[in-house]
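Please look through the structure shown below. The paragraphs after it take its parts in turn.

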Amino acid sequence: MANGNNETPCCIGDRLEYGSMGRELKVGGVDMYLATPKTPTKKGVVVYIDVYGWKLPNTRYIVDMIANNGYVAILPDAFEGAEPWSADRDWSTFFEWMKTKDANKIHTVADAAVGYLRQECGVEQLGCVGFCWGGRAVHACVVDRTDFKCGVAFYGMRSIDDEKLGLLNAPGLFVFGGKDSVIPLDQVETLKTELKKSCKVEHHVTVYEGMPHGFAHRKKEENDKDAAAIDGARLEMLKWLEKYM
């Protein structure tokens, strides 16, 4: 999500019926979900939640996917115990609620997740992935931190008015849907312009034609077009992680 000025709230879309393969733990007072690969690795990925929180099966599905591709993957509760958004809440209050969830202040939670991966899992190379609100958190991490080797932000970015918008410290992949009512294409174009003007590291912006907000983790593969976009975006994520870690 780009900013709080949008008229359309962040609909939950399709909930996956998924049980998860990892385990829950608490690190420094922060709840987390951890999934590990079958073979030992020194590569780890921090995954950041969308507005529906760290227990959403859709997000845990992606965490497990990342782990199955050879990374220790951890999903911290970035809201630190505060209630996530719920689809049955009053949507007229959504953007006021969002003002209490500043993705630019992700770093205390990120420190806890990174510390656990390094100290308890032997991780030496770190990447980050995030969806919606978590995409904004990824953008904050690859701008403000130097411990992540790369980041993948799905339909989320810093405010287009942020002077740091294009100043990445690590390679960043930004994935959007062409029919995203939360992040319109003119904001995506602003991001492209700022990256081209200011960014000194590798970066790429992909827009999947006809796809709505949340498509890569909150949309079912109901037809060939949806499946191609969903699979394509997830594969892009995995290739980006493989390339830079």
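In this predicted model, strand β6 (residues 150–154) and strand β7 (residues 172–177) run parallel and are joined by four bridges. One point of reference is Val 152, whose bridge partner in β7 is Leu 173. Val 152 also serves the other neighbour, being the bridge partner in β6 of Val 129. That neighbour is β5, which pairs with β6 in the parallel sense over five bridges. Between the two strands the chain passes from β5 through α4 to β6, a β-α-β crossover that is right-handed.

The loop between β6 and β7 contains Ala 170. Is Ala 170 buried or exposed? Its relative accessible area is 2%, so Ala 170 counts as buried, the limit for that term being under 20%. Leaving aside residues up to four places away in sequence, Ala 170 touches Val 142, Phe 148, Lys 149, Cys 150, Val 201 and Glu 202. With Val 201 the separation in sequence is 31 residues, while the C-alpha atoms of the pair are 6.2 Å apart.

Strand β5 also pairs with β3. These two strands run parallel, and six bridges join them; Val 46 stands opposite Cys 128 in β5. Of the seven residues of β5, six are buried, and the strand is therefore largely enclosed by the rest of the structure.

These strands belong to an open sheet of eight strands with mixed pairing, in the order β1-β2-β4-β3-β5-β6-β7-β8. Its edges are formed by β1 (23–27) and β8 (203–208), each of which pairs on one side only. On average, and with direction ignored, neighbouring strands of the sheet are turned by 20 degrees against each other.

At the β1 edge the pairing is antiparallel: five bridges link β1 with strand β2 (residues 30–35). Lys 26 stands opposite Asp 31 in β2. The two strands form a hairpin with two residues between them, and in this hairpin Gly 28 takes a positive phi near 55 degrees.

Helices pack on the sheet as well. Helix α4 (residues 133–144) touches β3 (43–48), β5 (125–131), β6 and β7. The direction of α4 makes about 145 degrees with that of β5. Helix α7 lies across β3, β5, β6, β7 and β8, and runs at about 165 degrees to β6.

The next topic is the nonpolar core. In soluble globular proteins, nonpolar side chains tend to be buried together. The largest nonpolar core here has 89 residues. Which of its residues touch the most other members? They are Tyr 48, Ile 66, Trp 133, Phe 154, Phe 215, Met 237 and Leu 241. Helix α7 (residues 224–244) supplies the largest share of this core, eight residues. The helix that lies across five named strands, from β3 to β8, is thus also the one with that largest share of the core.

Finally, there is a record to compare with the model. UniProt, in an unreviewed entry, places the feature "domain: Dienelactone hydrolase" at residues 31–244. Over residues 31–244 the chain is 39% helix and 19% strand. The end C-alpha atoms of that stretch are 28 Å apart.

How values were computed: Residues numbered from 1 in each chain as written. Predicted model: local features only at pLDDT ≥ 70, side-chain atom pairs only at ≥ 80, totals over all residues. Heavy atoms only, no water. Core = buried A, V, L, I, M, F, W, Y, C linked by side-chain atoms within 4.5 Å. Buried < 20%, exposed > 50% of the residue type's maximum accessible area, 1.4 Å probe, protein only. Pairing = 2+ DSSP bridges. Axes fitted to C-alpha atoms, helices over the stretch in contact; angles between N-to-C directions. Contact = heavy atoms within 4.5 Å. Right-handed = clockwise from strand over helix to strand, strands pointing away. UniProt positions renumbered as here; feature names shortened; annotations may be inferred.
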